[in-house]
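Got your viewer open and a free hand on the mouse? Load the model below, and we'll walk through it one selection at a time.

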Amino acid sequence: MLFDSGYFALFLASFLAATVVPFSSEALLSGMLAADYNLYWCLALATLGNWLGGMSSYGLGWLGKTEWIEKYLKIKHYQIEKTKKMVKGKELWIAFFCWLPGIGDVIAVILGLLKVNVVLAGIGMLIGKMLRYVIWAFISLEIINWVN
């Protein structure tokens, strides 16, 4: 059952949606729920794929160098250090918002560039992405039940 191409497609779509590739996995999740796919497998695979995609964006940021930020983005070193201090202690909560469409990927990359604690970033990101899919699935199921 796990190797069903629908589940793999959901995992892959969720992964891609959390990278810089513009893609939406929510419509696929809704469609799979409407087609009676297992809710728990869908939530687990969508969350896992999206979290791994977000962590890959974080990893790309981690590979970046502050010298590049200064040179190409024209951001001064003191501004980078000021941002690091501002983020310190809030890593988990900032990473929570990596689920946001459009800016979530940017947040993940910035957290990586700032070299924030990977465990805190990972946990915050996981919670945010999981809650997004749970809420989306709940709304989808309510609409599906209403239509049927």
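Here is a tour of a few helices, two kinds of side-chain meeting place and one surface patch.

**Before you click.** This is a predicted model, so to speak of a local feature takes a pLDDT of at least 70 and to count a side-chain atom pair takes 80 or more, while totals for chains, interfaces and linings use all residues. Residues are numbered from 1 along each chain as its sequence is written, and side-chain values use heavy atoms, with hydrogens and water left out.

**Stop 1: helix α1.** Select residues 5–17, which make up helix α1. Helices here are DSSP runs (H or I, at least four residues), numbered from the N terminus. The 13 residues of α1 should span 18 Å at 1.5 Å a residue, and the end C-alpha atoms are indeed 18 Å apart. That expected span is 1.5 Å times one less than the number of residues.

Now colour Gly6, Tyr7, Leu10, Ala13, Ser14 and Ala17: these are the buried residues of α1. They sit on the same side of the helix, because they cover an arc of only 130 degrees around the axis. The arc is taken from the directions that run from the helix axis to the C-beta atoms. Buried means under 20% relative accessible area, exposed means over 50%, and partly exposed is in between (1.4 Å probe, protein chains only). Spin to the face turned away from the buried side, and you'll find the exposed residues Ser5 and Phe8.

What do the buried residues of α1 pack against? Show α2, α3 (39–63), α7 (104–113) and α8, and you have the partners.

**Stop 2: Ala17.** Zoom in on Ala17, still in helix α1. Its relative accessible area is 18%, so Ala17 counts as buried. Skip the neighbours within four places in sequence, and Ala17 is in contact (heavy atoms within 4.5 Å) with Phe23, Ser25, Asn50 and Asp105.

**Stop 3: helix α7.** Select α7 next: seven of its 10 residues are buried, leaving the helix mostly covered. Among them are Ile107, Ala108 and Leu111. The buried residues of α7 pack against α1, α3, α4 (66–72), α5, α6 (91–96) and α8. Just after α7, look at Lys115, which has a positive phi of about 60 degrees.

**Stop 4: the salt bridges.** How many salt bridges does the structure hold? There are two. A salt bridge is a side-chain nitrogen of Lys or Arg within 4 Å of a carboxyl oxygen of Asp or Glu.

Show Arg132 and Glu26 to see one of them, at 3.4 Å from N to O. Arg132 lies in helix α8 (residues 118–147) and Glu26 in helix α2 (residues 26–34), so the pair ties together parts 106 residues apart in sequence. Arg132 is buried at 15% relative accessibility, and Glu26 is buried at 14%.

Then pick Lys84 and Glu81, whose side chains meet at 3.7 Å, N to O. Both lie in helix α5 (residues 77–87), three residues apart, about one turn of the helix. Lys84 is partly exposed at 26%, and so is Glu81 at 28%.

**Stop 5: a nonpolar patch.** Finish with a surface view and select Val118, Val119, Ile123, Ile127, Leu131, Ile135, Phe138, Ile139, Ile143, Trp146 and Val147, a nonpolar patch with about 1100 Å² of accessible area together. Patches like this join nonpolar side chains (Val, Leu, Ile, Met, Phe, Trp, Tyr) within 5 Å, from residues with over 30% relative accessible area and no salt bridge. The areas come from the Shrake-Rupley method with a 1.4 Å probe. Last click: Val147, in helix α8, is exposed at 60% relative accessibility.

Technical notes:
Helix = DSSP H or I, 4+ residues; strand = E, 2+ residues; numbered from the N terminus. Patch = residues over 30% accessible without salt bridge, like charges linked within 9 Å, V, L, I, M, F, W, Y side chains within 5 Å.
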